[in-house]
Amino acid sequence: MTSTRPHRLVLWDIDHTLVDYTGVGTAWYAAALSATTGTELRVRPDFGGRTERAISADILASHGIEPTEEMIQRLWAELIAVSGRAAGTLHTDGRALPGAAEALTALAGHDGVVQSLVTGNLPEISRLKLTTFGLHEHLDLDIGGYGSLSAHRPDLVPHAVARAAAKHGTDFAADAVVVIGDTPADVDAALHNGAVAVAVATGTYGADELRAAGAHTVLTDLTDAAAVRAAVLGP
């Protein structure tokens, strides 16, 4: 039997879309900054829809430290180490959002659908956050667009699309790429690349704000699997 050639690429955000680890990122950065530079975190970073490269550069600069590539890499190495040490408590420090596992499973049941990530997180932290709640099983984490790539979130989408196309031997038309996230930045990343923007109002932005940002579809949450399928695959 020949396998169905992929024709739809679904790129998920992680934080406040699939999982909620509120407060964890700030704690990890505080520990990593202290270990790397001896500096106490005084300015809380703005995480919403931003990439790790942008966040790290801002944190260093706001604490009077030049955000050179060497310093960013040192900070990331410590951030990964800190998150790894916290792995045993992540199941109580965070939660999978309602319907996340079911939505991933429902889409995985459709031939021709490939699911991966466009996330501000580093690859190692992405895997950790997802595996804690078993949300990695239907996601191809090798072809994702991660926050280490660029300070500009729209840059992550074509990277993920190119890697998916190379792996599966097919080109994904722009309107066959679906980006799912909870912030206007996720919506912008999709629209900037001609992709379909599906927004989920499970973070700090309400449905009206996400519609105003230009999302093609806005979902209250992921609990209605039929609505998720319709948003991704069409009616």
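Just after helix α7, G169 takes a positive phi of about 65°. This is a value from a predicted model, as are those that follow. The helix that ends before G169 covers residues 156-168. With 13 residues at 1.5 Å a residue, α7 should span 18 Å, and its end C-alpha atoms are 18 Å apart, so the expected and computed lengths agree.

Part of α7 is hidden from the surface: L156, V157, A160, V161, A164 and A165 are buried. Around the helix axis these residues cover an arc of only 165°, which puts them on the same side of α7. What do the buried residues of α7 pack against? Their partners are three strands, β1 (8-12), β4 (113-117) and β5 (177-181), together with helix α8 (184-192).

Of these partners, β1 can be followed further. Five of the five residues of β1 are buried, so the strand is mostly covered. In a regular strand the side chains alternate between the two faces of the sheet. In β1, R8, V10 and W12 lie on one side and L9 and L11 on the other, and all of them are buried, so that both faces are covered. The strand also has neighbours along its edges. β1 runs parallel to β4, to which five bridges join it, and parallel to β5, to which it is joined by four bridges. V10 shows both pairings, standing opposite Q115 in β4 and opposite V178 in β5.

The next topic is the aromatic rings. How many aromatic pairs does a search of the whole structure find? The search finds two. In one of them, the rings of Y21 and F133 have their centres 6.0 Å apart and their planes at 40°, so the pair is tilted. Y21 and F133 come from distant parts of the chain, 112 residues apart: Y21 sits in the loop between β2 (19-20) and α1 (24-37), F133 in the loop between α6 (123-131) and α7. Y21 has a relative accessible area of 5%, so it is buried, whereas F133, at 24% relative accessibility, counts as partly exposed.

The other pair is formed by Y29 and F47, whose ring centres are 6.0 Å apart and whose planes meet at 35°, so this pair is tilted too. Here the two residues are 18 residues apart, with Y29 in helix α1 and F47 in the loop between α1 and α2 (52-62). Is Y29 buried or exposed? At 1% relative accessibility, Y29 counts as buried. F47 has a relative accessibility of 24% and therefore counts as partly exposed.

The loop between α1 and α2 also holds T39. At 16% relative accessibility T39 is buried, because the cut-off for buried is under 20%. The side chain of T39 makes a polar contact, at 3.1 Å, with the side chain of T37. Leaving aside residues up to four places away in sequence, T39 touches L33, S34, H63 and I65.

Back in the loop between α6 and α7, H152 gives a contrasting case. Its relative accessibility is 53%, so H152 counts as exposed. Which distances separate H152 from G120 in sequence and in space? The two are 32 residues apart along the chain and 9.5 Å apart from C-alpha to C-alpha.

Terms used. Residues numbered from 1 in each chain as written. Predicted model: local features only at pLDDT ≥ 70, side-chain atom pairs only at ≥ 80, totals over all residues. Heavy atoms only, no water. Expected span 1.5 Å × (residues − 1). Buried < 20%, exposed > 50% of the residue type's maximum accessible area, 1.4 Å probe, protein only. Arc of directions from axis to C-beta. Contact = heavy atoms within 4.5 Å. Phe/Tyr/Trp six-rings, centres within 6.5 Å; stacked < 30°, edge-to-face > 60°. Polar contact = N/O pair within 3.5 Å; in protein donor to acceptor, adjacent residues only side chain to side chain. Pairing = 2+ DSSP bridges.
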